[in-house]
Each structure stands twice: as C-alpha cells, then as structure tokens.
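Hello,

I am handing over the structure we spoke about. Please find it below, followed by notes on what was found in it.

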Amino acid sequence: MRNLINIFKNGIIKENPVLIIMLGLCSILAVSTSVVNALGMTLAFSFVLIGSELTISLIRKSIPKTLRVPIFIVVIGSFTTIMSLLLQAFLPDLNKALGIFIPLVVVNCIIIGRVEAFASKRSVIESLFDALGMSLGYGIVIVSIGAIREILGNGTILGYQVFGPNYNPALFFILPPGAFLVIGIEIAIINKILAKPKKVKQEG
Amino acid sequence: MSELQSLMNIFISAAFAQNFVFIRFLALCSFVGMTTSMENAIGMGGAVTFVTVMASILSYVVYQFILVPLHLEYLQTIVFILTIAVFVQLVEIYLKKAVPSLYKAMGIYLPLIATNCMILAVALLNVTENYNLLEATVFSFGASIGYVLALVILAGIRERLKYVQIPSILKGYPIIFFIAAFIAVAFMGLQGIAR
Amino acid sequence: MKNSIDILKLGLTLGLVCLIAGFALSATYSITKDKITEQQRKALVQAQKEIFPDATEFKKIEISETKVGSATLKELYECLNENENILGYIATASTPGYGGNIIFVLGVNSDFSVKGVKVTEQTETPGLGANIAKSQFLEQFNGKTLNDEFVVKKDVKPVTSATISSRSITNGIKEILNFTSKNVKEASK
C-alpha cells in the first residue's frame with residue numbers, strides 16, 4: 001500500500017509531468033484561460049490517461065516488442081476518440097471551449113510517455129495509481145494557471161466576480177503572452193522550492 | 001477575391017497572424033526542447049516542414065477517399081495519427097537505406113516528430129476548415145514556415161543567452177517562457193493582417 | 001519459415017487489437033450519434049427561435065455552401081407561421097474575423113430588412129472583439145435595409161477598441177443580407 005501511495009505522490013510533485021518533466025505544454029497553455037476550462041481539460045485528459053494506462057497494463061504481457069508503438073497509438077487513440085464523442089454528445093459547451101485540444105490529447109506526450117515508461121511494465125493497480133497521480137499533477141498545474149489567468153485577466157473565478165465592478169481586468173493574462181508568463185513564473189517558483197543543485201536538462 | 005489572393009491569405013494567416021507556436025500554442029515541446037542551438041532549430045524545422053506538408057496531403061487523401069465515403073469521419077483523429085506515425089516510420093527507413101547522410105542529419109528528429117502536436121493539428125484543421133487539396137497544402141506549408149520562424153527566433157536568442165547573467169531562479173525554462181511571452185506579444189500585433 | 005510465422009503472428013495480434021478498438025469505437029459512436037446531431041442543431045434552433053419567435057416552421061432551402069465576398073453562406077431557411085405565410089428567412093454564415101471565423105445567424109424579414117442577428121461562435125479577443133457577440137452591439141443591426149451603408153463609424157457603432165472585429169461582422173451581415181435578398185426567390189422554387 002505504501003508503494004502505491006508513493007507512486008501516486010510521485011506524479012504530483014517529484015515527477016510532475018508538466019513542471020518537472022516538461023510535457024503536455026500545449027494543452028496547458030492553450031486551455032488555461034479559465035478555471036472551468038482547465039477543470040474540463042483535466043477531466044478529458046484523465047479519462048484518456050487512466051483508460052490507456054489500465055488497458056496497456058492489462059495486456060502488457062501479450063504485446064510483442066515490435067508492435068509496442070502501434071498498439072499504444074491504437075489504444076490511446078481509441079480512448080481519445082471515445083472521450084471526444086462523449087463530450088460532443090453530453091458536454092457540448094466544454095467541447096467547444098476545448099476545441100482542437102480534445103483530439104490532440106492523443107499526442108499528449110504525458111500519456112505516451114507514461115504508457116511506455118510505466119504501464120507497459122507494471123501491474124494494473126500500480127498503473128492505476130500512477131495515472132491518478134499524474135492526472136492530479138497535471139490538473140493542479142493547469143487549474144492553478146487557469147485560476148491566475150482568470151482572476152487577473154477577467155476579474156472572475158469560476159464565473160464569479162472577484163473584484164468590484166470597477167476592476168479593469170489585465171487582459172494580457174487571458175491572451176497568449178500571459179500564458180507563457182504565468183507558466184514561467186510557476187516553473188521558477190517550483191525550481192526555487194525544490195532548489196536541489198541538479199542541472200536543469202537543457203542548460204549547459 | 002481571386003484564388004491566388006485567397007491562397008496568399010491562408011499562407012500568411014497560418015505563418016504569422018495565427019502562428020502555430022505563439023498564438024495557437026502548438027508544438028511547444030519541440031519549441032522548448034529543440035532550440036538550444038541554431039543547428040537543431042533549423043534541422044527540426046526542416047524535418048517538421050517536410051513531414052507536415054506530406055502528412056497533410058496524405059491525411060487529406062485518406063479522409064476524402066476512405067473516411068468520408070464510408071461515413072467514418074469520427075475516426076479521423078486515430079486514422080490521422082496512425083497515418084502520420086506510419087509515414088514518419090517509412091521516411092526513417094527509407095532515409096536510413098537510401099540517403100544515409102541525410103539520415104544522419106535529420107534522423108534524430110524523426111521519432112520526436114511523431115508526437116509533434118502541430119502535425120496532427122494541421123491535418124485536423126484542414127478538415128474543419130473545409131480546405132481543398134491545394135488550400136490544405138498551402139495551409140500546412142504556411143504553418144510549418146511559422147514554426148520554423150518561431151524556432152529560429154528562439155534559438156537565436158538562446159544562443160546569446162549563454163553570455164548573459166540570469167538570476168538563478170529564472171535559469172533554465174522560466175527565462176525561456178518569459179522570452180516567449182514577449183515574442184507572443186509581437187505576433188499578436190500581426191493578428192489582423194490576414195482577412 | 002519461422003520469419004513468416006512471426007510476421008503472421010504480429011499481424012494477427014495487431015489485427016486483434018484493432019478489431020477490439022474498432023468495436024469499442026463504433027459502439028460508442030452509435031450510442032452518441034443522435035445526441036451529437038441534436039447538440040449541433042441546438043445553437044441554430046435556439047437562435048432561430050429568438051429571432052423569429054412567431055415562426056412555427058423553418059423550412060430548409062436547398063442551397064449549397066456559397067462564398068459571398070469574404071463571407072460564406074452555409075444554410076438558408078424559410079420561416080413560416082402556422083398559415084404557411086413566409087415571415088422571413090434565416091441564414092447561417094461565417095465570416096473571417098480578427099482571431100478566426102465568426103459564425104452567425106442572420107434573420108431577414110420578408111421585406112429584406114434585418115430582423116435580428118445572433119453570433120453563435122467566435123474566437124475574437126476576449127473582452128474586446130468578443131463583445132461583438134453581445135446583443136448591445138448586435139441590436140443596432142435590427143431594421144437595417146440594403147439601402148444602409150453598413151460602414152463602421154458611419155451607420156454602425158463599433159465595439160470600442162475592436163474595430164477589426166466590428167468591421168468583420170458588419171461586412172458579413174451586409175454580404176449575406178445582399179445574397180439572401182437576391183437569391184431567395186430563385187432558390188425556394
């Protein structure tokens with residue numbers, strides 16, 4: 001059980017897929033214009049990640065080595081399409097808000113990465129906890145960015161006015177540059193918190 | 001509007017006004033990862049351009065001649081990504097055997113390209129925007145040029161960053177994102193130029 | 001030959017996975033298909049009802065998607081009341097805006113003046129250009145005829161600091177109004 005909890009916690013902090021491993025950036029920046037959108041994206045993402053990790057882990061012993069990638073693509077792609085169809089049918093407003101980033105979940109590096117590095121090698125229950133942890137890690141980042149951008153850029157949170165009616169929102173944050181700025185700040189903060197003397201991958 | 005004007009419009013919109021990196025937020029992983037040197041940026045840019053244009057054409061053909069007649073449009077995501085992955089694999093195999101020098105230059109980028117979200121996005125947008133084959137080709141080329149532009153700009157800046165003092169809290173990715181934010185502001189100014 | 005058996009096994013495994021995936025996909029598709037079509041019509045149906053509340057039937061006019069200047073006409077409907085009289089027409093169209101295409105619904109009276117306009121989809125700048133979707137901006141088009149100029153800052157008051165978005169939708173409305181009045185008699189024959 002301890003092992004499972006560690007796997008879960010791993011996805012949130014130590015190996016946070018976005019802030020530490022730097023994956024899945026596109027959807028994070030594009031969809032974080034409001035908390036509602038960010039939550040919706042997390043839902044869509046988690047559905048595919050959890051489904052894919054579970055399925056791949058279930059069949060991991062029967063996957064021939066040379067067929068790894070095609071099978072991963074078929075499984076992840078199927079879950080993505082199923083998720084897309086369900087959203088179109090039952091949550092059309094969210095579907096419109098997330099737009100092209102729904103089908104793009106299939107190329108979200110986090111999913112392919114976890115399926116390859118974890119689910120194809122570990123048990124079903126471990127993969128479940130990994131998927132849950134990674135989903136939460138992803139969710140925390142996108143929702144926090146979404147909250148900052150919505151509060152500063154629109155004066156609301158979850159649609160509710162935060163500041164008085166005289167607040168002139170700093171539109172900058174809702175627009176593309178704001179997204180880059182906010183994630184830059186978040187990474188800087190988390191680097192400071194984790195301040196280990198480790199070399200950041202791309203520098204040097 | 002003449003046909004040529006409309007095509008120019010599509011190209012300029014894809015490359016600048018609706019730049020795929022700074023406005024549409026696509027291909028960010030390679031944007032951050034492949035700009036450590038100008039060489040990498042240009043190599044990746046060239047490879048992506050080739051794959052994007054070819055894969056767009058392929059996906060278009062598959063969509064129009066297989067998915068639509070069979071009413072299987074809802075499978076476009078999975079079919080497109082498989083088409084792209086297979087195409088990249090074939091290119092890799094072919095290059096390895098036929099043009100080893102080019103394989104050495106471009107080879108490392110190819111596996112990374114399969115997960116490049118811009119390529120899939122372009123294929124999907126060709127469908128939603130109802131482009132014909134010529135428009136789709138121009139669109140995918142425009143998108144790629146915009147991508148190359150983005151990479152080259154950032155690579156140029158990053159090469160010079162090495163000689164600059166950066167506060168330790170900003171070292172690494174944070175400063176890159178701040179820079180990207182300002183470039184994005186510049187591109188936003190271009191938004192109205194294509195109608 | 002061992003190699004061909006291996007390849008055959010690989011092919012079969014992949015085929016099996018694709019088969020199962022295909023089954024799951026088509027099952028989901030058939031379950032959601034009708035709901036999806038219903039959702040896609042919802043925005044249009046709502047706009048139709050808001051613009052022509054007295055209409056009881058919206059009869060689709062057979063016309064294919066046409067480019068009208070920079071705008072694109074998608075669909076055209078006749079709006080009939082219970083006595084089968086034509087109250088007016090509804091056109092759905094798209095026009096390129098500042099940040100992408102603006103999808104709108106134009107209601108035209110039988111005398112070819114504007115009954116109402118609703119914007120159903122837009123990706124303009126939030127807080128600025130996006131305000132062209134608000135009724136405070138769109139109301140001013142009601143009652144306009146083809147004799148009006150449809151020029152921003154002349155007879156059309158733009159959204160502050162969003163001249164391009166305002167111009168785009170104004171232009172789109174003008175072009176579609178023009179097209180509808182010219183072609184409606186032909187098309188409904």
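Helix α7 of chain A, residues 124-154, has 31 residues, and at 1.5 Å a residue it should span 45 Å. Its end C-alpha atoms are 42 Å apart, which agrees with that expectation. Just after α7(A) comes Gly155(A), which takes a positive phi of about 75°. Please keep in mind that this is a predicted model, so these values are computed from its coordinates.

Chain A as a whole has 8 helices and 2 strands. Along the sequence the pattern is α-α-α-α-α-α-α-β-β-α, which places the two strands just before the final helix. The radius of gyration of chain A is 18 Å, and the globule rule gives 17 Å for 204 residues; the two values are close, so chain A is as compact as a globular protein of that length. Along the principal axes, the C-alpha atoms of chain A fill a box of roughly 60 × 50 × 35 Å. Of its 204 residues, 50% count as buried. Among the contacts in chain A with a separation of 6 or more, 76% are between residues 24 or more positions apart.

Next, the contact between chains A and B. On this interface, 35 residues of chain B are in contact with 34 residues of chain A. On the chain B side, the elements that give two or more residues are α2 (28-33), α4 (76-98), α7 (117-128) and α9 (173-188). The largest share, 10 residues, comes from α9(B). What is the make-up of the side of chain B that touches chain A, in nonpolar, polar and charged residues? It divides into 29 nonpolar, 5 polar and 1 charged.

Then the nonpolar cores. In soluble globular proteins, nonpolar side chains tend to be buried together. Here the largest nonpolar core has 128 residues, and those that touch the most other members are Leu29(A), Leu26(B), Leu28(B), Met118(B) and Leu120(B). Helix α4 of chain A, residues 68-90, gives the most to this core, with 12 residues. Leaving aside residues up to four places away in sequence, Leu26(B) touches Cys26(A) from chain A, and Phe20(B), Val21(B), Cys117(B), Met118(B) and Ala121(B) from chain B. A second core, separate from the largest one, has 39 residues, including Ala55(C), Phe141(C), Val156(C) and Val184(C).

Regards

Key: Residues are numbered from 1 along each chain as its sequence is written. Chains are lettered from A and ligands numbered from 1 in the order in which they are written. This is a predicted model: local features need pLDDT of at least 70, side-chain atom pairs count only at pLDDT 80 or more; totals for chains, interfaces and linings use all residues. Two residues are in contact if their C-beta atoms, placed from the backbone, lie within 7 Å. Helices (H or I, at least four residues) and strands (E, at least two) are DSSP runs, numbered from the N terminus. Ala, Val, Leu, Ile, Met, Phe, Trp, Tyr, Cys and Pro count as nonpolar, Asp, Glu, Lys and Arg as charged, and the others, Gly among them, as polar. The expected span of a helix is 1.5 Å times one less than its number of residues. The radius of gyration is taken over C-alpha atoms; the globule rule is 2.2 Å times the number of residues to the power 0.38. A residue is buried if 20 or more other C-beta atoms lie within 10 Å of its own, exposed if 12 or fewer, and partly exposed in between; C-beta atoms are placed from the backbone. A nonpolar core is a set of buried Ala, Val, Leu, Ile, Met, Phe, Trp, Tyr and Cys residues joined through C-beta atoms within 7 Å.
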